[in-house]
Amino acid sequence: MRNEDKVTMDDIMTLRDKLASGKFVVTGELGPPRGCDAEAVRKKARMLKGAVDAVNITDNQTAIVRMSSLAASMICMSEGIEPVMQMTVRDRNRIALQSDLLGAAALGIKNVLCLSGDHQSFGDQPGAKGVHDIDSIQLVYTARRLCEEKMILHSEKAFAVAPDLFIGAACNPFAEPVDFRPVRLKMKIEAGAKFIQTQSIYDIPAFREFMKRIVDMGLHEKASIIAGVMPLKSAGMGTYLNEKVPGVVVPKHMIERIKGVPKERAADEGIEQCCEIINEIRGIEGVSGVHIMAIEWEHRVREIAERAGLI
């Protein structure tokens with residue numbers, strides 16, 4: 001057996017196991033293609049394998065039709081990648097959501113991230129109707145009820161086999177109203193979320209203050225907090241995030257640093273800044289890992305993880 005073929009304890013442990021053990025975890029992100037090309041998913045999965053502990057499979061991100069997160073999650077599993085299947089309430093009513101949760105569990109998917117979803121106006125079909133039959137907090141509760149009580153919503157009859165799902169939710173620490181963010185996070189944890197992934201963090205002092213409130217409330221002891229990071233590809237990307245993405249604050253000095261290097265080095269500077277942010281985050285009390293959102297940049301996630309000392 002070759003060294004690279006050896007199965008280690010880290011390979012056997014799930015994301016849930018690793019977080020329970022106290023390991024500082026690393027999750028990545030994979031965007032399914034616009035189409036049914038399974039090889040496109042496999043190619044991205046191979047780039048991420050061994051660089052992260054689990055991979056988020058996005059659910060029609062930016063409200064653009066893509067291969068379903070459930071199907072792409074199964075393809076990733078066939079490549080030896082542990083998926084975190086994202087599920088939004090934008091596109092499905094409670095019947096379809098529960099059906100997909102049960103189906104995912106039956107197929108062996110272990111992790112689900114419950115989200116609202118980007119508004120349909122962001123995509124190329126702005127006339128599509130958002131469903132929002134239930135909200136993301138109610139979806140967390142619904143998933144917990146399926147797993148812990150073996151019951152469908154509005155039913156008092158338990159089914160035979162409980163789904164085994166590790167339920168997660170998202171948090172945007174700096175979205176308005178900022179003072180309400182810890183309260184909303186508490187609601188998601190009380191509903192049943194066991195891990196939390198945050199929006200991209202750039203303003204470290206502000207994130208320290210946010211995490212201080214989370215620790216003071218004891219929320220980090222009830223759910224694992226995984227801080228989101230997103231490498232900037234250019235100064236323009238930083239400006240766009242500040243202007244267009246609610247709750248994302250890219251400090252001016254970071255944008256100026258990228259402007260200060262030759263254009264062909266802008267991406268490398270963005271990765272260097274991302275690694276610096278990761279190193280800062282690792283020292284913040286209550287943080288259990290980082291979620292690297294290198295959108296359509298899966299080929300550079302391993303580099304980020306290595307340069308940040310995560311591998």
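Helix 11 of this predicted model comprises 16 residues, 266-281, and at 1.5 Å a residue these should span 22 Å; the end C-alpha atoms lie 23 Å apart, which agrees. Its buried residues are Ala266, Ala267, Glu269, Gly270, Ile271, Gln273, Cys274, Cys275, Ile277, Ile278 and Ile281. The elements that cover these buried positions include helix 8 (204-216), strand 7 (224-229), helix 10 (252-259), strand 8 (287-292) and helix 12 (301-307).

Helix 6 may be described in the same terms. Its 14 residues, 136-149, should span 20 Å at 1.5 Å a residue, and the end C-alpha atoms are 19 Å apart, which agrees. The two helices are set out below.

| Helix | Residues | Number of residues | Expected span | C-alpha end distance |
|---|---|---|---|---|
| Helix 11 | 266-281 | 16 residues | 22 Å | 23 Å |
| Helix 6 | 136-149 | 14 residues | 20 Å | 19 Å |

Because 10 of its 14 residues are buried, helix 6 is largely enclosed by the rest of the structure. The buried positions are Ser136, Ile137, Leu139, Val140, Thr142, Ala143, Arg144, Arg145, Leu146 and Cys147. Their cover includes strand 3, helix 5 (94-106), strand 4, strand 5 and helix 7. At the start of helix 6, a side-chain oxygen of Asp135 comes to within 3.1 Å of the backbone nitrogen of Ile137. Just after the helix, Lys150 adopts a positive phi of about 55 degrees.

Glu79 is placed in the loop between helix 4 (69-78) and strand 3. With a relative accessible area of 19%, Glu79 counts as buried, because the cut-off is under 20%. Leaving aside residues up to four places away in sequence, Glu79 touches Arg42, Ala45, Arg46 and Lys49. With one of these, Arg46, the Glu79 side chain forms a side-chain to side-chain polar contact at 3.3 Å.

The largest pocket has a volume of about 1,400 Å³. Its lining consists of 50 residues, and those nearest its centre are Thr62, Asp118, Gln199, Val245 and Met293. Two or more lining residues come from each of strand 1 (25-30), strand 3 (83-88), strand 4 (111-115), strand 5 (166-171), helix 7 (181-191), strand 6 (195-200) and helix 9 (235-244). Strand 3, strand 4, strand 5 and helix 7 thus appear in the pocket lining and also in the cover of the buried residues of helix 6. By class, the lining of the pocket contains 20 nonpolar, 18 polar and 12 charged residues.

Key:
Residues are numbered from 1 along each chain as its sequence is written. This is a predicted model: local features need pLDDT of at least 70, side-chain atom pairs count only at pLDDT 80 or more; totals for chains, interfaces and linings use all residues. Side-chain values use heavy atoms; hydrogens and water are left out. On a 1 Å grid over the protein atoms alone, a cavity is a set of points where a 1.4 Å probe fits but cannot get out, and a pocket is an open set with protein on both sides within 12 Å along at least five of seven lines; lining residues have an atom within 4 Å of a point. Grid points are joined across faces, edges and corners, and a volume is the space filled by probe spheres set on the points. Helices (H or I, at least four residues) and strands (E, at least two) are DSSP runs, numbered from the N terminus. Ala, Val, Leu, Ile, Met, Phe, Trp, Tyr, Cys and Pro count as nonpolar, Asp, Glu, Lys and Arg as charged, and the others, Gly among them, as polar. The expected span of a helix is 1.5 Å times one less than its number of residues. Buried means under 20% relative accessible area, exposed over 50%, partly exposed in between (1.4 Å probe, protein chains only). Contact means heavy atoms within 4.5 Å. A polar contact is a pair of N or O atoms within 3.5 Å; within protein, one must be able to donate a hydrogen and the other to accept it, and residues adjacent in sequence count only if both atoms are side-chain atoms.
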